[in-house]
Every structure is written in C-alpha cells, then in structure tokens.
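Some notes follow on the cysteines and on one helix. Please read them alongside the coordinates.

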Amino acid sequence: MDPKKCQSIVEEAVTFAKIDGVLTFRPMFGGILGYYEGKAFCSLSDVGLAFKLSPADQEELLKEGGVRLQYEPSQPPSKQYIVLPEGQLDDPSKVAPWAAKSAKFVVTLPDKKKR
C-alpha cells in the first residue's frame, strides 16, 4: 500500500475519532512514521497501516485478522505494531477506534532517552 494513501487514511480516522492532540508524520526508510503528541503511534508503508497497541489491543486486532508488522521476511515480527486488515482501510469508522487506542496507549509510554 502507498504510504501517502495510508497517511490520508490515518488523518481521516483521527478526525473521525475526534482525537485531540498533535499529529505529525516523518519519512522513514521508504515509509512514513506517524506520531501522536511526539510519540510514534503508526507505521505507514508498502506493508500496510500498522498501529502501536497495548498487548490487550494487539490480541483483539489479531483476532480480527490483523498481522504483526514485518517489513521483510528475514526480519522478526514487531512486538507492538499490528497491521490492519485490508478490508478495514476503506472505512474511517473502522480505522478510527484503532487510531484512538494507539494514541491513548502511546501517551502512557515513557519518553525515549536522548542519545
């Protein structure tokens, strides 16, 4: 999937979910990383749209047909990012709850230490 198309899907879903806060995007390794309040919350790449989720939300999305993010077959699957099933991407009302859960989750995470 085209990362730019994924970005517009995320922007529409965030608006649909009425998520307040600062949403930004940065190019990263041929894809785009989405940030909510300065914390990474979604990956937009040719693999698809993946949200960073709590363990309970990960399990829920996996049961709905999501898969763990894996950019290349030789890389290990992500422990936190789950790719949304293709069928959910056409409907902002289906993407919005995952965007909201991800935003709510990432703001609870500690800030990364500066190098």
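Helices here are DSSP runs of H or I with at least four residues, numbered from the N terminus. The model is a predicted one.

1. After helix H2, the backbone departs to a positive phi: Gly-65, just past the end of H2, has a value of about 110°.

2. Which residues of H2 are buried? Within this helix, which spans residues 55-63, the buried residues are Asp-57, Gln-58 and Leu-61. They lie on the same side of H2, because the arc they cover around the axis is only 105°.

3. The face of H2 turned away from that buried side carries exposed residues, namely Pro-55, Ala-56 and Lys-63.

4. What covers the buried residues of H2? The cover includes two strands, S5 (67-68) and S6 (81-83), together with helix H3 (92-106).

5. On the cysteines, a search of the whole structure returns zero disulfides. Cys-6 takes part in no disulfide, and the nearest cysteine sulfur to it belongs to Cys-42, at 8.6 Å. Likewise, Cys-42 is in no disulfide, with the sulfur of Cys-6 as its nearest cysteine sulfur, 8.6 Å away. A disulfide requires the two sulfur atoms to be within 2.5 Å, so a pair at 8.6 Å does not count as one.

6. Are these cysteines buried or exposed? Cys-6 is buried, with a relative accessible area of 0%. Cys-42 is also buried, and its relative accessible area is 0%.

Methods
Residues numbered from 1 in each chain as written. Predicted model: local features only at pLDDT ≥ 70, side-chain atom pairs only at ≥ 80, totals over all residues. Heavy atoms only, no water. Buried < 20%, exposed > 50% of the residue type's maximum accessible area, 1.4 Å probe, protein only. Arc of directions from axis to C-beta. Contact = heavy atoms within 4.5 Å.
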